[in-house]
Amino acid sequence: MQFRPINEIEAAINHIAEEMNIEIVEISYDTKSNALTVYIETETGVDLDTCESFHRAIDAPMDELDPSFGQPYTLNVSSPGLDRPFKSKRDFERNLKNEVEVKLYAPLKGKKFIEGVLTGFDENSVTVKTEKEDLKISLNKIAKINKAIKFE
């Protein structure tokens with residue numbers, strides 16, 4: 001199954017997201033299950049009611065856009081999840097001064113897993129303050145960086 005390009009889909013629904021104070025984090029499709037999923041975020045988090053409200057709001061515009069060129073598909077709206085990797089500048093901005101987990105492709109100072117506070121970033125690197133030091137890590141050395149999840 002073929003879908004329209006992601007940027008066309010996002011353009012068709014972005015104004016609705018903005019009106020609802022929702023950020024579209026990612027749009028993906030699974031051609032095996034004919035599913036189109038819109039991942040959303042808000043300043044206060046995402047719950048089932050938020051997903052349902054946004055789904056209802058974009059249902060008609062998506063039908064009008066016809067993202068699957070007339071083929072049946074399933075439209076999903078979801079939270080990206082607590083442990084999703086940072087992908088955009090907005091992800092890094094939102095998590096400045098928060099605890100993060102960094103998984104590396106190769107060890108840095110003997111470690112492939114680093115926990116600390118995200119204190120800075122640019123287009124090439126991040127700075128993480130650990131208990132011992134500030135580490136500047138090149139993005140191309142990072143397999144995954146996400147918000148630290150703490151269970152109490």
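Student: Where is Phe-69 found?
Tutor: This is a predicted model. Phe-69 sits outside the helices and strands named here, in a loop. That loop is the one between α2 and β3.

Student: What is the phi of Phe-69?
Tutor: Most residues other than glycine have a negative phi. Phe-69 is not a glycine, yet its phi is positive. The value is about 55°.

Student: Is Phe-69 buried, partly exposed or exposed?
Tutor: Buried means under 20% relative accessible area, and exposed means over 50%. Phe-69 has 42% relative accessibility, so it counts as partly exposed.

Student: Which loop holds Asn-34, and what is its phi?
Tutor: Asn-34 is in the loop between β1 and β2. At 26% relative accessibility, Asn-34 counts as partly exposed. Its phi is positive in a residue other than glycine, near 55°.

Student: Which element contains Thr-37?
Tutor: Look at residues 35-41. They form a strand, and Thr-37 belongs to it. The strand is β2.

Student: Is Thr-37 buried or exposed?
Tutor: The cut-off for buried is under 20% relative accessible area. Thr-37 has 11% relative accessibility, so it counts as buried.

Student: Which side chain makes a polar contact with the side chain of Thr-37?
Tutor: Start with the contacts of Thr-37 beyond four places in sequence: Glu-26, Ile-27, Ser-28, Asn-76 and Ser-78. One of them makes the polar contact, side chain to side chain, at 3.3 Å. That partner is Asn-76.

Student: How many Å apart in space are Thr-37 and Thr-74?
Tutor: In sequence, Thr-37 and Thr-74 are 37 residues apart. In space, C-alpha to C-alpha, the separation is 8.2 Å.

Student: Which element gives the most residues to the largest nonpolar core?
Tutor: This core has 18 residues, and Ile-13, Val-38, Phe-54, Ile-58 and Met-62 touch the most other members. The elements that give two or more residues to this core are α1, β1, β2, α2 and β3. One element gives the most, with five residues: α2.

Student: Which residues does Val-38 touch, beyond four places in sequence?
Tutor: Val-38 is among the core members that touch the most others. Its list of contacts includes Ile-13, Phe-54 and Ile-58. The rest are Ile-24, Glu-26, Ile-27, Leu-75, Asn-76, Val-77 and Ser-78.

Student: How many residues are in the other core?
Tutor: Another core lies apart from the largest one. Its members include Val-100, Val-102, Leu-104 and Ile-114. The count is 13 residues.

Student: What is the angle between α1 and α2, and what is it called?
Tutor: The two helices pack with their axes 10 Å apart, at about 140°. Over 145 degrees would count as roughly antiparallel. This angle makes α1 oblique to α2.

Student: Which residues of α2 meet α1, and what is the hand of the crossing?
Tutor: From α1 come Glu-8, Ile-9, Ala-12, Ile-13, Ile-16 and Ala-17. They meet Phe-54, Ala-57, Ile-58, Pro-61, Met-62 and Leu-65 in α2. The crossing is right-handed.

Student: Which residue's backbone oxygen lies 2.3 Å from the side chain of Thr-42?
Tutor: Thr-42 is in the loop between β2 and α2. At 15% relative accessibility, it counts as buried. A polar atom of its side chain lies 2.3 Å from the backbone oxygen of Gly-45.

Key:
Residues are numbered from 1 along each chain as its sequence is written. This is a predicted model: local features need pLDDT of at least 70, side-chain atom pairs count only at pLDDT 80 or more; totals for chains, interfaces and linings use all residues. Side-chain values use heavy atoms; hydrogens and water are left out. Helices (H or I, at least four residues) and strands (E, at least two) are DSSP runs, numbered from the N terminus. Buried means under 20% relative accessible area, exposed over 50%, partly exposed in between (1.4 Å probe, protein chains only). Contact means heavy atoms within 4.5 Å. A polar contact is a pair of N or O atoms within 3.5 Å; within protein, one must be able to donate a hydrogen and the other to accept it, and residues adjacent in sequence count only if both atoms are side-chain atoms. A nonpolar core is a set of buried Ala, Val, Leu, Ile, Met, Phe, Trp, Tyr and Cys residues joined through side-chain atoms within 4.5 Å. Axes are lines fitted to C-alpha atoms, for helices over the stretch in contact, and angles run from 0 to 180 degrees between N-to-C directions. Angles under 35 degrees count as roughly parallel, over 145 as roughly antiparallel, 65 to 115 as roughly perpendicular and the rest as oblique. A crossing is left-handed if the near helix is turned anticlockwise from the far one by less than a right angle, and right-handed if clockwise.
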